[in-house]
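Please look through the sequence and the model below before reading on, and keep both in view as you go.

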Amino acid sequence: MDGTYTALMAALLFGHFLGDFSPLLTSRMLAAKESGAAPGWILGHAGVHAVLVGMAVMLVVAPPVLVLGLAVLIELSTHFVIDVLRARVGVVRPEMQDPANRRFWFILGLDQLAHGLVLVGIAWMVARG
């Protein structure tokens, strides 16, 4: 891979940061992610991430529309599934919602690893053309 892949990964990771750790994550989205209820808000959160992926891909690579659409669809669907699963784990195991508990940090790290690996796959797909 060349500098395009590196630039794309940087843009995708920055977008992920904005989607999860900025005001783009609304209080309703956060509450839905914590409670496992209101999957529509989790889908909205995944939609924010999908838009950010689309913007990053367009800014760095400007690929064919089919590749762009596939990147956005992959991000939307996987982000939704990962966050719903994490929310359900938190409902079944409430200690995983408590930052004072080590398990919280493990599940947060696993969640972020899963999202990061999806972004690696998207960057690989887009950089290949």
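The paragraphs that follow go from the helices and the core to the salt bridges, the surface and the loops.

This is a predicted model, in which local features need pLDDT of at least 70 and side-chain atom pairs count only at pLDDT 80 or more, while totals for chains, interfaces and linings use all residues. Residues are numbered from 1 along each chain as its sequence is written, and side-chain values use heavy atoms, with hydrogens and water left out.

A good place to begin is helix 3, which covers residues 39–60; helices (H or I, at least four residues) and strands (E, at least two) are DSSP runs, numbered from the N terminus. The expected span of a helix is 1.5 Å times one less than its number of residues, so the 22 residues of helix 3 should span 32 Å, and this agrees with its end C-alpha atoms, which are 31 Å apart. Many positions need the idea of burial, where buried means under 20% relative accessible area, exposed means over 50%, and partly exposed lies in between (1.4 Å probe, protein chains only). The buried residues of helix 3 include Ile42, His45, Ala46, Val48, His49 and Ala50, and further along the helix Leu52, Val53, Gly54, Ala56 and Val57 are buried as well. Among the elements that cover these buried residues are helix 1, helix 2 (27–35), helix 4 and helix 5, where cover is judged by contact, meaning heavy atoms within 4.5 Å.

Which residues touch the most other members of the largest nonpolar core? A nonpolar core is a set of buried Ala, Val, Leu, Ile, Met, Phe, Trp, Tyr and Cys residues joined through side-chain atoms within 4.5 Å. The largest one here has 17 residues, and those that touch the most other members are Leu12, Val53, Val57, Ala71, Ile122 and Val126. Two or more residues of this core come from each of helix 1 (3–21), helix 3, helix 4 (65–92) and helix 5, and helix 5 gives the most, with six residues. Val53 lets you follow the packing at one position: when its neighbours within four places in sequence are left aside, Val53 is in contact with Leu12, Ala71, Glu75, Leu119 and Ile122.

Helix 5 (residues 102–128) also holds His115, which counts as buried because its relative accessibility is 3%. If residues up to four places away in sequence are not counted, His115 touches His16, His79, Ile82 and Asp83.

Charged side chains come next. Side chains of opposite charge can pair when their charged atoms come close, and a salt bridge is defined as a side-chain nitrogen of Lys or Arg within 4 Å of a carboxyl oxygen of Asp or Glu. By this rule the count comes to four salt bridges. One of them joins the side chains of Asp20 and Lys33 (3.8 Å, N to O), and this pair links distant parts of the chain, since Asp20 lies in helix 1 and Lys33 in helix 2, 13 residues apart. Both Asp20 and Lys33 are buried. Another salt bridge is formed by Arg93 and Glu95 (2.7 Å, N to O), and Glu95 also pairs with Arg103, the closest N and O atoms being 3.4 Å apart. Arg93 counts as partly exposed because its relative accessibility is 35%, while Arg103 is partly exposed at 42%, and Glu95 is partly exposed, with a relative accessible area of 23%. Salt bridges that share partners also join Asp20, Lys33 and Asp83 into one network.

On the surface, Leu59 of helix 3 is exposed, because its relative accessible area is 74%. In helix 2, Ser27 is exposed too, with a relative accessible area of 61%.

Finally, consider the loops, bearing in mind that most residues other than glycine have a negative phi. Ala38, in the loop between helix 2 and helix 3, has a phi near 55°, a positive value in a residue other than glycine, and Ala38 is partly exposed, with a relative accessible area of 36%. Ala62, in the loop between helix 3 and helix 4, has a positive phi of about 50° although it is not a glycine, and its relative accessible area of 47% makes Ala62 partly exposed.
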